[in-house]
Amino acid sequence: MKGKFAAAFIMAALFGTTAAVAQEIEKPENRRKEMIKRLDTDNDGKISMAEAEKSPKGKLKENFAAIDTNKDSFLDESELKAFMEVRREKRMVKKKGE
């Protein structure tokens, strides 16, 4: 009986940890940092147009000029944050209208 309880406890702990990690990854700031880390191939902390062109969905390249608000030809974390917040707000408004 103790063995079954211990196994159940371990499984619950593992699944709970996995869910917590998944929630952390889903946070916008973590997704943004992961995206920069993945695309920033020269490790300068920002994304160039050449790096944006390698974005899997192509949305970054497509929206590069709009995201690059200071027009320095790079996307930094603050510009990506602002863009993602506006995009999230638009999705929420759209969902409310459905």
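**Figure 1. An overview of the chain.** Of the 98 residues in the chain, 18% are buried. Please keep in mind as you browse these views that the model is predicted. Six helices and two strands make up the secondary structure of the chain, and their order from the N terminus is α-α-β-α-α-α-β-α. Among the contacts in the chain with a separation of 6 or more, 37% join residues 24 or more positions apart. The chain has an accessible surface of about 7,600 Å², and carbon and sulfur atoms account for 60% of that area.

**Figure 2. The largest nonpolar core, with 11 residues.** Nonpolar side chains tend to be buried together in soluble globular proteins. Here the members of the core are Met35, Ile36, Leu39, Ile47, Ala52, Leu60, Phe64, Ile67, Leu75, Leu80 and Met84. At least two residues of this core come from each of helix 2 (28-39), helix 5 (64-67) and helix 6 (77-97). Helix 2 gives the largest share, three residues. Take a moment to look around Ala52, which touches Ile47, Leu60, Lys61 and Phe64 when residues up to four places away in sequence are not counted.

**Figure 3. Glu51, a buried acidic residue without a salt bridge.** Glu51 sits in helix 3 (residues 49-52). The nearest side chain of opposite charge is that of Lys54, 7.1 Å away. A salt bridge needs a side-chain nitrogen of Lys or Arg within 4 Å of a carboxyl oxygen of Asp or Glu, so at 7.1 Å Lys54 does not qualify as a partner for Glu51. What the side chain of Glu51 does reach is the backbone nitrogen of Asp42, at 3.2 Å. Setting aside residues up to four places away in sequence, Glu51 touches Leu39, Asp40, Thr41, Asp42 and Lys46. One of these, Leu39, is also a member of the largest nonpolar core.

**Figure 4. Glu79, buried and likewise without a salt bridge.** This view moves to helix 6, where Glu79 lies. For Glu79 the nearest side chain of opposite charge belongs to Lys71, and the two are 7.5 Å apart. Not counting neighbours within four places in sequence, Glu79 is in contact with Ile67, Asp68, Thr69, Asn70 and Phe74. You may recognise Ile67 from the largest nonpolar core.

**Figure 5. Positive phi values in the loop between helix 5 and strand 2: Lys71 and Ser73.** Most residues other than glycine have a negative phi. Lys71 is not a glycine, yet its phi is positive, about 55°. Lys71 is found in the loop that runs between helix 5 and strand 2 (74-75), and it is exposed, with a relative accessible area of 55%. Ser73, also a residue other than glycine, has a positive phi near 70°. Ser73 too has its place in the loop between helix 5 and strand 2, but it counts as partly exposed, at 46% relative accessibility.

**Figure 6. The salt bridge between Arg32 and Glu77.** Side chains of opposite charge can pair when their charged atoms come close. The count for this model comes to two salt bridges. In the Arg32–Glu77 salt bridge, the closest N and O atoms are 3.7 Å apart. Arg32 lies in helix 2 and Glu77 in helix 6, so this pair ties together parts that are 45 residues apart in sequence. Which of the two residues is buried? Arg32 is, at 5% relative accessibility, whereas Glu77 counts as partly exposed at 30%.

**Figure 7. A salt bridge within helix 4, between Glu62 and Lys59.** The closest N and O atoms of Glu62 and Lys59 are 3.9 Å apart. Both residues lie in helix 4 (residues 59-62), three residues apart, which is about one turn of the helix. Glu62 is exposed, with a relative accessible area of 57%, and Lys59 is partly exposed at 44% relative accessibility. To place this view beside Figure 2, look for Ala52 of the largest nonpolar core. Glu62 and Ala52 are 10 residues apart in sequence, and their C-alpha atoms are 8.9 Å apart in space.

Definitions and conventions:
Residues numbered from 1 in each chain as written. Predicted model: local features only at pLDDT ≥ 70, side-chain atom pairs only at ≥ 80, totals over all residues. Heavy atoms only, no water. Helix = DSSP H or I, 4+ residues; strand = E, 2+ residues; numbered from the N terminus. Buried < 20%, exposed > 50% of the residue type's maximum accessible area, 1.4 Å probe, protein only. Lys, Arg positive; Asp, Glu negative; His and termini not counted. Polar contact = N/O pair within 3.5 Å; in protein donor to acceptor, adjacent residues only side chain to side chain. Contact = heavy atoms within 4.5 Å. Core = buried A, V, L, I, M, F, W, Y, C linked by side-chain atoms within 4.5 Å. Areas by Shrake-Rupley, 256 points an atom, 1.4 Å probe, with all protein chains shown as cover.
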